[in-house]
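Please look through the structure below slowly, one part after another, before reading on. The paragraphs that follow walk through it in the same unhurried way.

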Amino acid sequence: MNEIFQQLVNGLALGAVYALIAIGYTMVYGVLRFINFAHGDVFMLGSFTGYYLAQQVTKWIPLPSWSGWMLIMFLTMIICAIIGIVIELLAYRPLRNRPKLTVLITAIGVSLLIEYTCQHQAIFGASQKAFPKLLPTGNFTLGGLSFNTTQFVVLGVTLVLLTVLTFIVKKTRIGMAMRAVSFNSAAASLMGISNSFIISFTFGLGSALAGAGGILYGMTYTGIDPLMGVNVGLKAFVAAVLGGIGNLPGAALGGLVLGIVETYAGGMSGMSTYRDGIAFAILIIILIFKPTGLLGSKQIEKV
Amino acid sequence: MPEFAPRLKQAFGKCPAKNTAEIKPLPQSIREGRHGKCCCIQKLDFLDSTPHSRHILMKPLSLISSAAATTVALIALGLSGCKSGSNNTIKVGEFASLTGKEATFGGSSHEGTLLAIDEINKAGGVLGKQIELLTEDNQSKAGETANIVNKLISRDGVVAILGEVASSRSLEAAPIAQPAKIPMISPASTNPKVTEVGDYIFRVCFIDPFQGTVMANFATKTLNAKKVAVLTDAKSDYSKGLAKYFKEQFLKNGGTITSELDYNGGDKDFKAQLTTIKGSSPDAVFIPGYYNDVALIATQAKEIGLNIPLFGGDGWESENLLQVGKEAVEGNYFSTHCSPEDTSPKMISFVAAYKAKYNKTPDAMAALGYDSAYVLADAIKRAGTTEGSKLRDAIAATKDFEGVTGKFSLDDKRNAVKSAAILQIKGGKFTFLETIAP
């Protein structure tokens, strides 16, 4: 019984990271109708940004500490936002009016470029690095369950970031513009909304969340390497589709569902090898019965 | 030009014999290289001389480009002619995981091999020739090795292959070396299946049935463990094999296996599996995996409050385990091939030479890489030739070889029979605990 609850906490912490990344996929899909496959690598770059920043920050603010951690989180999110905007500017903007397939393949190219460039010995190197301790951590037991404080930090941060994001999208002018571009970009530009600016902003916002996800992931699982974004990015993409691609709460829900299912499968004797397989099987089942995903709405394709 | 592509493909793919007659006359010496007709120049030349390709290519611009192509081909021919023509060296191929997941293993064994080859060459080489080591990186990826080994054998014409640490990837290379009758010596692949591929495949390390037995006895006797959980890397032949032999012996010793879980090498989240293991309350956990995963497993085990000894096999031995695992791996045990703390004269001189060249202490993989090169050189000397079958027989006859990793012979299954060392992680270092003889 204890184990079931403990796995739930494990699953929620994993799912929270998936949710943060899935939102980036879903937002870009919302405004541009294509999957930015390099998003998982922005997440990886977020982890490495945190890794290198920690070495600098610790000179001023000794780590692990809350203030140092917050500074690293903040800087990483900004750096990742810039990375996201630059990727869009260099790789996707020149192809804005080309067929979607061209952009999709470019996205895969950008992803591979980042992964293999970073594996070079002069950049990050291929071997796994230990993510530094940013926060004072401890284990505590509650009702016979033992928890790690990091897991609660991950859940808390995710919750805060999702709230802020919802506020931006729902209550601000720029959020309204984002929704307008997503709804009908031609009409939005006729109303004086700069499509290019909104698209850059969307990339920046999504990448900042991926960067935060990278830090949280590094804190939870402690090992980072240049290929870590591949698997996590793929899972987050699945989470976005599971929740209904283009739908923000859907992406968050999809991430949590995927994280929990995966963790339960991983904890079962004889099933643990198939944890990824089970996650994808669930995706297929849900999509058979609800092709738009959990929270997705039907879209009418104009011909 | 839509029809261009299929024609080009046809031209390159098949090279029909009737068309070879139409090749523009080239000086005989160029066309025939030193090893008979060179295929690539025929094909390129034939491309712009056949009737249908002519009407595609013979426009002013393409004339220039075809001339350029011919030049490139000529240069390529010249280069490859030089390469395959030099008979002053003995070519030995090596494939290793120099980058990617198991990069520190590949790096260590490669450095060991390189050191040995350098020493051999400085001492005059073998059969009066220098050994030329051609090293290729498989990036620790499945599928890459087959390409590399094919290239080493068919294009570079190596006389023997050295490699690699990971059993999964040695198992990719072995079925290519065997039919080509090119002897292959693996420095550190411990899965028994590797040498079962055929009589041209050897290794200079012990095999997992032995290592699994050693660790099972260690768990029973030294750790006094009655109940053990096993966490296996389902992607790795090495890990699965070692887990299997461990379980067999541990059950024979009267122990029980509380839970068996798997992960996929390269995973980052192990909390799900560890939570279940914790729930089954074992005395110790056997983790026959590689260092990169083990470091994370150990850290996450501490985080969920699983404070029991962890132990594993030679896949643990890497500086990276200490760097990533830090205090979480402290106090845990693993079996390996040798310890740099060994006081045999061979080991002392090897450690000194290695330190002088690379400025760091060698690990077991480096020692095995070193031994594999020396076993090969020794066999070439005894065979007096580099011809495949004779070289194979000479390697198979290796007996009482004085290696860095101890004195060993190759048995009739082409495996080295030697003892294992058990190390413990203490004070952020690998410290020698005990040796277990076969």
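**A walk through the two chains**

Just after helix H7 of chain B comes Gly124(B), a residue whose phi angle is positive, near 105 degrees. The helix that it follows is a good place to begin, although the reader should keep in mind throughout that this is a predicted model. H7(B) has 20 residues, which at 1.5 Å a residue should span 28 Å, and the C-alpha atoms at its ends are indeed 28 Å apart, so the expected and the modelled values agree. Is this helix enclosed or open to the outside? Of the 20 residues of H7(B), 15 are buried, and the helix is therefore largely enclosed by the rest of the structure.

The chain around this helix can now be described as a whole. Chain B contains 18 helices and 15 strands, and buried residues make up 50% of its 438 residues. If one takes the contacts in chain B between residues with a separation of 6 or more, 67% of them join residues that are 24 or more positions apart.

Towards the end of the numbering, three strands of chain B form an open sheet in the order E11-E12-E13, and their pairing is antiparallel. Strand E11 (401–403) and strand E13 (416–417) of chain B are the edge strands, since each pairs on one side only. In general, the strands of a sheet pair through backbone hydrogen bonds, and they may do so in a parallel or an antiparallel way. Between E11(B) and strand E12(B), which covers residues 406–410, the antiparallel pairing extends over three bridges, and Gly403(B) stands opposite Gly406(B) of E12(B).

Chain A can be read in a similar manner. Its secondary structure comes to 11 helices and four strands. The radius of gyration of chain A is 19 Å, close to the 19 Å that the globule rule gives for 303 residues, so chain A is as compact as a globular protein of that length. Taken along the principal axes, the box filled by its C-alpha atoms is roughly 60 × 50 × 40 Å. Buried residues account for 50% of the 303 residues of chain A, and among its contacts with a separation of 6 or more, 75% link residues 24 or more positions apart.

Where do the two chains meet? In the model, 30 residues of chain B are in contact with 23 residues of chain A. On the side of chain B that touches chain A, at least two residues each are supplied by several elements, including H7 (103–122), strand E7 (256–263) and helix H13 (271–279) of chain B. H13(B) gives the largest share of that side, namely six residues. Sorted by class, the side of chain B that touches chain A has nine nonpolar, 14 polar and seven charged residues.

It remains to ask how confident the prediction is. The model as a whole scores ipTM 0.86 and pTM 0.78, while the mean pLDDT of chain B is 81, with 80% of its residues reaching 70 or more. Among the elements of chain B, helix H4 (residues 39–47) has the lowest mean pLDDT, 41, and strand E8 (residues 284–286) has the highest, 95. Over residues 1–64 of chain B the pLDDT stays under 50, and for this stretch the model has 57 contacts beyond four places in sequence. The pLDDT is also below 50 over residues 73–85 of chain B, a stretch with 14 contacts beyond near neighbours in sequence. Where pLDDT is low, the predicted coordinates should not be read in detail.

Technical notes:
Residues numbered from 1 in each chain as written. Chains lettered and ligands numbered in written order. Predicted model: local features only at pLDDT ≥ 70, side-chain atom pairs only at ≥ 80, totals over all residues. Pairing = 2+ DSSP bridges. Contact = placed C-beta atoms within 7 Å. Nonpolar A, V, L, I, M, F, W, Y, C, P; charged D, E, K, R; others polar. pLDDT = per-residue confidence, 0-100. Rg over C-alpha atoms; globule rule 2.2 N^0.38 Å. Buried ≥ 20, exposed ≤ 12 C-beta atoms within 10 Å, placed from the backbone. Expected span 1.5 Å × (residues − 1).
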